[in-house]
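Thanks for coming, everyone. Let me put the structure up on the screen, and then we'll walk through it together.

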Amino acid sequence: SSLKFDQCVLPISVALEMLNPFVIAKLLDREIAPNIRMAKEMIEEQEDIIWDLLEEVIKNKPVLLNRAPTLHKYSVQAFYPKLVEGEAIRIHPLVCKAFNADFDGDQMAVHILLTEEARNEAEREMMSSKNIINISNGQILASPAKDMLLGFYLMTDMYESKKTRIYSSAEDAIRAYERDTVIDINEEIIVRIKGEDIKTSVGRVIFNTILPEDYNFVNERVNNKTVNNIIDDIKNSKPMEVVVELLDNMKLLGFKYATDLGFSFAMEDCNLDFNLDSELKKMEEKDEQLQENYLQGLMTKSEKINISTAMWDDFANELADEAWTKLDKHNSVYEMVESGANGGKIQARQVLTIKGVVRDSRGNWVPMPIKSNYRDGLGAFEYFVAANGGRKGIADRSLKTSSSGYLTRKLVEVAHDV
């Protein structure tokens, strides 16, 4: 988490392998080794001087990192390398979105820039800090996500306190919080900020310390929408360096407070005092009535299936809304979804209430609704029915990849002639 936006970490062994010729040149230049053979031997024996020379060779020289598949220009970006022991490349969390990288074994290629001209071009146009905006839509590519949003959401909550404390400045309030036990991070306090007395919490005061001096005080619970609005505002009114610095500070702050405030998530958080069985019974009775009407010839089979699936779908949505209102505002599932850190109401519904109706591999609704949820587990038959749609999604995705690659190629070919 100590990486700056335009830095990456390379394993020292990889760097030595790539920069071998340059290290040899330095050894010969300084007359540390009499000839190339001796220089190579020194490198193989990994003498101490080698590491100093390696640091010298790579200092302030950007390298290119590329993650395959290279689908757009943001799949190749320049970084200043830092060398460490170990075997893995490390990159800043916020550039992962542009690379579509995650940490489950992804590989990246490293390119050394040989000429001065190449290095200048990389620093001018390819640095990760110069490529935070997606040119196809003007959106910020590197916006905080996941744990960072969770950190902001947890630290910017506010509850009323019996005795509201008053502080003369933001610094005083932060100092009182850091001195332990004086005030809680989410406790309501009154603070004088830019000559105004504001009802807020220490968490919100701390969050505002990373924003530019002249930015309005953000006095609300911060979720992904708030964060994106703040970044957009600052992007439109300030130079890009300010935005990069803000993103770096947001990353550090978000991770720090997601960790310090001890967010956790367990099965217990998915329990609701909610009478599901009685609700399900009512629906099953309606379903039996439909079946009876069908057997009496009052409707066709397709009409029956359509009415039944629509009915169960509406029921699942109503249940989800009801469950959502019953969730405590400090429940982990609620906090994850509301902060925009992970999942949405549809995922929460499948864990808390019922999974509902699913589609089969041809995209038609399966007439059998899934009445279980993921908290209690699906029955063998329900699991079998639900797996159909999931498998189709995976199969389709791998088949469509080739077509989209081919289409991109044709479009680029045409664009060359425009």
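So, which elements do the buried residues of α7 pack against? Before I answer, keep in mind that what you're looking at is a predicted model. Okay: they pack against β8, α9, α10, α11 and α14. On your screen, β8 is 196-201, α9 is 202-209, α10 is 224-237, α11 is 240-260 and α14 is 332-339.

Now α7 itself. It covers residues 147-155, and eight of its nine residues are buried, so this helix is mostly covered. If you want to click along, the buried ones are Met-148, Leu-149, Leu-150, Gly-151, Phe-152, Tyr-153, Leu-154 and Met-155.

Let's follow one of those neighbours, α9. This helix lies across β7 and β8, and runs at about 110° to β8. Take Gly-203, which sits in α9. Is Gly-203 buried or exposed? It's buried, because its relative accessible area is 0% and the cut-off for buried is under 20%. Setting aside neighbours within four places in sequence, Gly-203 is in contact with Met-155, Thr-156 and Ile-185. Met-155 is a name you've just heard, as one of the buried residues of α7. For a sense of scale, the C-alpha atoms of Gly-203 and Glu-288 are separated by 54 Å, and those two are 85 residues apart along the chain.

Next, the sheet under α9. What order do its strands come in? It's an open sheet of three strands, β6-β7-β8, with mixed pairing. β6, residues 165-167, and β8 stand at the edges with a single partner strand each, so each has one side without a neighbour in the sheet. On average, neighbouring strands here are turned by 25° against each other, if you ignore direction. β6 and β7, the latter being residues 188-193, run parallel and are joined by three bridges. You can find that pairing by looking at Arg-165, which stands opposite Ile-189 in β7.

Between β7 and β8 there's a loop, and Lys-194 is in it. Its phi is near 50°, which is positive even though this isn't a glycine. In general, most residues other than glycine have a negative phi, and most peptide bonds are trans. Lys-194 is exposed, as its relative accessible area is 58%. Glu-31 also has a positive phi, near 55°. You'll find Glu-31 in the loop between α2 (20-29) and α3 (36-44), and at 71% relative accessibility it counts as exposed.

While we're on backbone oddities, where is the cis peptide bond that involves Pro-69? It joins Ala-68 and Pro-69, with omega about 0°. Pro-69 belongs to the loop between β2 and β3.

That brings us to those strands. β2 and β3 run antiparallel, joined by four bridges, and Asn-66 stands opposite Val-76 in β3. β3, residues 76-84, also pairs with β1, residues 7-11, this time in the parallel sense and over five bridges. There, Pro-11 has Val-84 as its bridge partner.

One residue to look at in β2, which is 63-66, is Leu-64. It counts as buried, at 12% relative accessibility. Not counting residues up to four places away in sequence, what it touches includes Val-76, Gln-77 and Ala-78, and further along Ala-109, Val-110 and Met-126.

Gln-77 turns up again in the lining of the largest cavity. How many cavities of 30 Å³ or more does the structure hold? Just one, and its volume is about 40 Å³. Along with Gln-77, the lining includes Phe-5, Leu-94, Val-95, Ser-128 and Leu-141. By type, the lining is seven nonpolar, three polar and no charged residues.

Leu-94 also gives us a way back to where we started, since Ser-143 is in contact with it, as well as with Lys-97, Asn-228 and Ile-231, leaving aside neighbours within four places in sequence. Ser-143 is in the loop between α6 (116-126) and α7, and is buried, with a relative accessible area of 15%.

Last stop is helix α15, residues 345-352, where Ala-348, Arg-349, Gln-350 and Leu-352 are buried. What covers them includes α13 (301-326) and α14, and α14 is also one of the elements that α7 packs against. That's my tour, thanks!

Definitions and conventions:
Residues are numbered from 1 along each chain as its sequence is written. This is a predicted model: local features need pLDDT of at least 70, side-chain atom pairs count only at pLDDT 80 or more; totals for chains, interfaces and linings use all residues. Side-chain values use heavy atoms; hydrogens and water are left out. On a 1 Å grid over the protein atoms alone, a cavity is a set of points where a 1.4 Å probe fits but cannot get out, and a pocket is an open set with protein on both sides within 12 Å along at least five of seven lines; lining residues have an atom within 4 Å of a point. Grid points are joined across faces, edges and corners, and a volume is the space filled by probe spheres set on the points. Ala, Val, Leu, Ile, Met, Phe, Trp, Tyr, Cys and Pro count as nonpolar, Asp, Glu, Lys and Arg as charged, and the others, Gly among them, as polar. Helices (H or I, at least four residues) and strands (E, at least two) are DSSP runs, numbered from the N terminus. Buried means under 20% relative accessible area, exposed over 50%, partly exposed in between (1.4 Å probe, protein chains only). Contact means heavy atoms within 4.5 Å. Two strands pair if DSSP finds at least two bridges between them. Axes are lines fitted to C-alpha atoms, for helices over the stretch in contact, and angles run from 0 to 180 degrees between N-to-C directions.
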